[in-house]
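Reader: I should like to discuss the structure shown below. Please reason each reply through to the value or name requested.

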Amino acid sequence: MKKTTCTYCKKEMDCPKKMLAAKVHICDDCMKSFGEKDNPNLIKFLKGIEKEIGNVGKKFDKCDKIAKEITKMEFNLFLENNNLKETKELRKAFAEGSFSTLTFITIGGMDEEFLDSLLEATKEVRLHKQNK
Ligand SMILES: [Zn+2]
């Protein structure tokens, strides 16, 4: 067990090492009071987290789509530039690399509208290249 802080009440709490990376930690007391009716602040707080997690999920879906577009668009060029032969593993690594870069930037605060326009732009560029 490691020590961490309850995201809600800021009290120090034990946390399994594996769970330390989680964004949100909720202590036993807060968990218990979540079951009690008259705790609107905690309920509001948890709804906020839920919404945030939902938003991140949506953003990551978009990152995945953009990463796929980038892979379709740039993978062959990457092979050519590095004198590599195409393999399933290389393609997967390339796509995963694009995806993690995008999610990393997204966590840093890229908003959904920007991701939407980035997806549109990558699609357009890819289609333009294909039609050449
Ligand atoms: Zn707490």
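Reader: Which domains does the domain assignment of the protein chain give?

Author: The model under discussion is predicted. In the protein chain, the assignment gives two stretches of residues, 1-38 and 54-130. These are named domain 1 (1-38) and domain 2 (54-130).

Reader: How far apart do the C-alpha centres of domain 1 and domain 2 lie?

Author: The separation is taken between the C-alpha centres of domain 1 and domain 2. The value is 35 Å.

Reader: Which residue in β2 is the bridge partner of threonine 5?

Author: Strand β1 covers residues 2-5 and strand β2 covers residues 12-15, and the two pair in the antiparallel sense over four bridges. They form a hairpin with six residues between them, where lysine 10 in the turn has a positive phi of about 70°. The partner of threonine 5 in β2 is glutamate 12.

Reader: How many of the 19 residues of α4 are buried?

Author: Helix α4 spans residues 112-130 and reaches 27 Å from its first C-alpha to its last, close to the 27 Å expected. This helix is hardly covered. Among its 19 residues, the count of buried residues is one.

Reader: Does alanine 93 count as buried or exposed, and why?

Author: Alanine 93 is found in helix α3, residues 88-107. Its C-alpha atom is separated by 10.0 Å from that of threonine 71, 22 residues apart along the chain. A residue is exposed if 12 or fewer other C-beta atoms lie within 10 Å of its own. Because alanine 93 has 11 C-beta neighbours inside 10 Å, this residue counts as exposed.

How values were computed:
Residues are numbered from 1 along each chain as its sequence is written. This is a predicted model: local features need pLDDT of at least 70, side-chain atom pairs count only at pLDDT 80 or more; totals for chains, interfaces and linings use all residues. Domain bounds come from an automatic or database domain assignment. Two strands pair if DSSP finds at least two bridges between them. The expected span of a helix is 1.5 Å times one less than its number of residues. A residue is buried if 20 or more other C-beta atoms lie within 10 Å of its own, exposed if 12 or fewer, and partly exposed in between; C-beta atoms are placed from the backbone.
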